[in-house]
Amino acid sequence: MSSKVSRKQFLKGMAVGGTMTLAASTLAGCQKAMPSGPVPSKWDEEADVVVVGTGFAGLAAAIEAKNAGAAVKVIDKMETPGGNSIINGGDFAAPGNWYQKEQGIEDSPELMLKDMLKAGLNLNHVDRAKVLTEKALEAAEWARDYIGAEFYRLTFHGGHSVPRTVQLVKGGSELINKMLKKLQELGVTVETQRKLERLIVDEAGRVVGIEARDGYTFGDETSGKTIYIKAKKAVVLATGGFSRDIKMRMIHDPRLTEAFESTNHPGATGEALRAALKIGAMDVHMDWIQLGPWASPDEPGFGYVPLFCERVVGWAPMINPKTGKRFINETGNRKVRADAIIEIGVPVIIVADTYATEKNVPANVIENGLKIGAIKKFDTLEEVAKEYGIPWDAFKAEVERWNQFVENKKDEDFNCMIFQDAKPLGFQPPFYAARLWPKVHHTMGGLVTDVNGRVINQDFQPIPGLYAAGEVTGGIHGAVRLGGVAMADCVVFGRIAGKNAAAETPAA
Amino acid sequence: MNAPTTPPSPKGLKGFIARRGIACTIVIALFILLVAANAVYALWEASYNPSFCSLCHIIRPYVDSYHTSEYLDNIHQQANVGCKDCHVTTPIGALQEVAAYVTGNYENPLKERKIGTDVCLKCHRSYESLAERTAHLNRNPHESHWPNLRCTVCHKSHRPAENYCAQCHQD
Ligand SMILES: Cc1cc2nc3c(=O)[nH]c(=O)nc-3n(C[C@H](O)[C@H](O)[C@H](O)COP(=O)(O)OP(=O)(O)OC[C@H]3O[C@@H](n4cnc5c(N)ncnc54)[C@H](O)[C@@H]3O)c2cc1C
């Protein structure tokens with residue numbers, strides 16, 4: 001009889017059980033950070049909100065925290081502020097933006113979310129991605145109107161279904177320098193050469209400040225002296241990605257040895273992210289490290305070749321110099337292309353004729369690329385083969401095959417998108433060519449945060465007193481970050497983190 | 001780095017005492033106090049003269065370089081710019097340097113300090129005016145991502161200049 005449980009009772013039982021598990025997990029998983037060492041008996045300095053990092057995310061957080069009434073401190077370990085943000089291309093994804101309206105392009109947050117999830121292989125943390133797409137336009141308008149940064153055009157990036165990135169004049173430095181100016185007006189000084197070494201946690205498990213090295217010189221770990229900065233309300237981590245941290249990136253993707261250069265600023269290392277892990281923060285997608293397949297081994301940093309390569313794909317073929325054959329969809333995503341080049345093991349060749357080049361690539365890119373030797377000019381394809389050691393007969397046959405695809409506007413081998421105005425290679429000599437070898441460009445992975453910018457711990461609970469925003473966080477892009485979305489992410493969540501940090505009640 | 005060097009010497013007060021004996025150390029310590037008490041001003045005045053700097057063996061290579069090198073120091077020597085125009089310091093700072101020297105509490109070659117743009121811009125006006133002078137260069141070094149980049153990131157004073165932009169731009 002007692003075994004005769006009615007359906008209704010059974011369901012009730014389930015519900016109770018469910019609540020109990022939830023309660024249990026909340027109990028076990030307190031909103032707490034792990035201790036990281038002693039809390040200093042005396043602090044050297046203090047502020048309500050301590051922001052670490054001076055890229056888009058950190059400066060956006062600092063401005064919002066200050067405007068919400070908090071006393072703010074901003075530090076950066078490098079001598080120059082701005083991290084990757086100040087060298088970035090300045091493309092900001094904003095659905096429904098003013099240029100789109102002018103040009104009659106239909107767009108929406110929903111469409112952008114769809115694009116992000118597709119590129120991200122649905123690994124994206126959808127709740128945050130949704131907030132990003134809904135607030136991106138407002139963030140771009142804030143950058144334009146409140147900060148006073150100048151945008152000048154609408155651009156298109158692969159993976160977006162419409163042109164939706166607004167571009168800053170002079171790239172990311174335009175926004176960073178105007179944000180620095182705004183902070184100065186607000187009376188917040190940015191303190192460079194101060195490196196975060198440890199997040200300090202009190203007995204209650206709350207982040208209450210940081211240990212830093214003051215007067216630090218990048219690369220000299222003994223430089224400067226230890227200071228303790230109290231954060232009465234919260235610490236905001238906005239320390240960027242770890243593309244230049246060879247040891248750390250090799251843990252997550254062992255292929256990425258020192259043989260791979262990076263497009264990033266030298267300070268893109270992961271010690272601040274690890275400081276958060278040490279106090280119990282959770283990380284995600286750490287091995288999704290984006291390589292730029294358009295980079296050249298014949299010039300430092302980002303360089304000119306990306307601006308050549310990315311404009312001629314879909315117009316010109318990419319060749320494996322060992323076989324003389326094509327090997328990949330040239331217009332495919334960054335991940336697929338970079339993996340294919342690494343698999344080949346030597347730099348591959350992109351070759352375009354004058355027609356495709358002049359139609360798509362700014363003249364100064366070619367001029368400067370030729371001057372430094374990263375782009376080369378040839379009268380004939382045979383000379384191209386000779387220069388790069390490509391087997392001529394195979395190469396010649398492959399070019400004929402490619403030209404057939406171009407005539408038919410259909411690539412039967414790799415399904416490359418062939419542009420309407422494209423013409424067979426050799427339509428108008430001479431030829432321009434460059435070697436391609438991927439460079440480490442972006443780390444999609446990082447700290448898990450919630451929609452409020454709070455850092456989540458190993459018990460799925462927010463860590464009191466700790467926020468994070470920008471490239472140091474993970475999850476939002478999933479497997480592949482689309483062009484222009486990093487900026488939107490940094491400004492949207494930087495602002496959210498700054499506001500919420502300022503609204504915290506100070507630790508007892 | 002091509003910074004001028006002199007032979008190494010043991011570091012710290014201990015090394016100094018070992019080398020010169022306790023009596024000598026006390027005499028020197030008293031001397032410093034005396035200087036501190038009475039002669040700050042005279043010392044300060046004298047320190048404007050480059051030959052004053054060369055009293056310390058560790059500084060001599062810099063003075064030699066100032067007079068004979070192909071570097072920025074010599075260009076400034078020819079323009080009558082003295083050590084102290086760039087090495088702006090307070091009397092107390094100068095005393096600390098003397099104390100550090102006497103006790104051997106310094107690195108050899110000396111660790112380079114960072115001199116802010118304000119020091120150079122006392123004479124060189126502004127980044128805007130400098131940008132005009134180098135506008136002919138392909139990538140204007142005085143008009144970059146960082147509007148207040150420390151001059152000495154590129155213009156080393158006692159050794160050849162370095163091109164900071166070259167880590168990312170080859171031209
Ligand atoms: C060449 C290039 C071009 C790009 N172009 C675009 C683009 O057009 N559009 C787009 O959306 N994205 C682009 N990106 C990506 C985007 O720029 C970055 O993801 C973004 O700038 C990251 O901003 P952030 O604020 O998170 O970090 P960053 O701007 O990198 O700032 C982090 C700061 O934290 C500091 N820091 C790190 N560790 C510590 C520590 N321990 N203590 C103190 N300070 C520390 C660093 O020194 C740095 O200044 C580009 C990236 C590169 C490299």
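**Two crossing helices and a ligand**

Modeller: In this predicted model, the axes of helix H5 (residues 126-146) and helix H15, both of chain A, come within 8 Å and cross at roughly 90 degrees.

Colleague: Why are H5(A) and H15(A) called roughly perpendicular to each other?

Modeller: Angles from 65 to 115 degrees count as roughly perpendicular. The crossing is at roughly 90 degrees, so H5(A) and H15(A) are roughly perpendicular to each other.

Colleague: Which residues of H5(A) meet H15(A)?

Modeller: Among them are A:Arg128, A:Leu132 and A:Trp142 in H5(A), while the H15(A) side includes A:Val485, A:Phe493 and A:Ile496. The residues of this contact divide into 11 nonpolar, no polar and 5 charged.

Colleague: Let's turn to the ligand. What makes the approach of A:Met487 to the ligand a polar contact?

Modeller: A polar contact is a pair of N or O atoms within 3.5 Å. A backbone N or O atom of A:Met487 lies 2.9 Å from an oxygen atom of the ligand, so this pair qualifies. For A:Gly484 the distance from a backbone N or O atom to a ligand oxygen is 3.3 Å, and for a polar backbone atom of A:Gly90 it is 3.4 Å.

Colleague: How much of the ligand does the protein bury?

Modeller: Taken alone, the ligand exposes 1000 Å², and the protein buries 97% of that.

Colleague: Which element gives the largest share of the shell around the ligand?

Modeller: That is H15(A), with 4 residues. In total, 40 residues surround the ligand, and A:Asp76 and A:Glu471 are among the closest. The shell divides into 13 nonpolar, 19 polar and 8 charged residues.

Key
Residues are numbered from 1 along each chain as its sequence is written. Chains are lettered from A and ligands numbered from 1 in the order in which they are written. This is a predicted model: local features need pLDDT of at least 70, side-chain atom pairs count only at pLDDT 80 or more; totals for chains, interfaces and linings use all residues. Side-chain values use heavy atoms; hydrogens and water are left out. A residue is near a molecule or strand if one of its heavy atoms lies within 4 Å of it. A polar contact is a pair of N or O atoms within 3.5 Å; within protein, one must be able to donate a hydrogen and the other to accept it, and residues adjacent in sequence count only if both atoms are side-chain atoms. Accessible areas come from the Shrake-Rupley method with a 1.4 Å probe; for residues, only the protein chains shown count as cover. Helices (H or I, at least four residues) and strands (E, at least two) are DSSP runs, numbered from the N terminus. Ala, Val, Leu, Ile, Met, Phe, Trp, Tyr, Cys and Pro count as nonpolar, Asp, Glu, Lys and Arg as charged, and the others, Gly among them, as polar. Axes are lines fitted to C-alpha atoms, for helices over the stretch in contact, and angles run from 0 to 180 degrees between N-to-C directions. Angles under 35 degrees count as roughly parallel, over 145 as roughly antiparallel, 65 to 115 as roughly perpendicular and the rest as oblique. Contact means heavy atoms within 4.5 Å.
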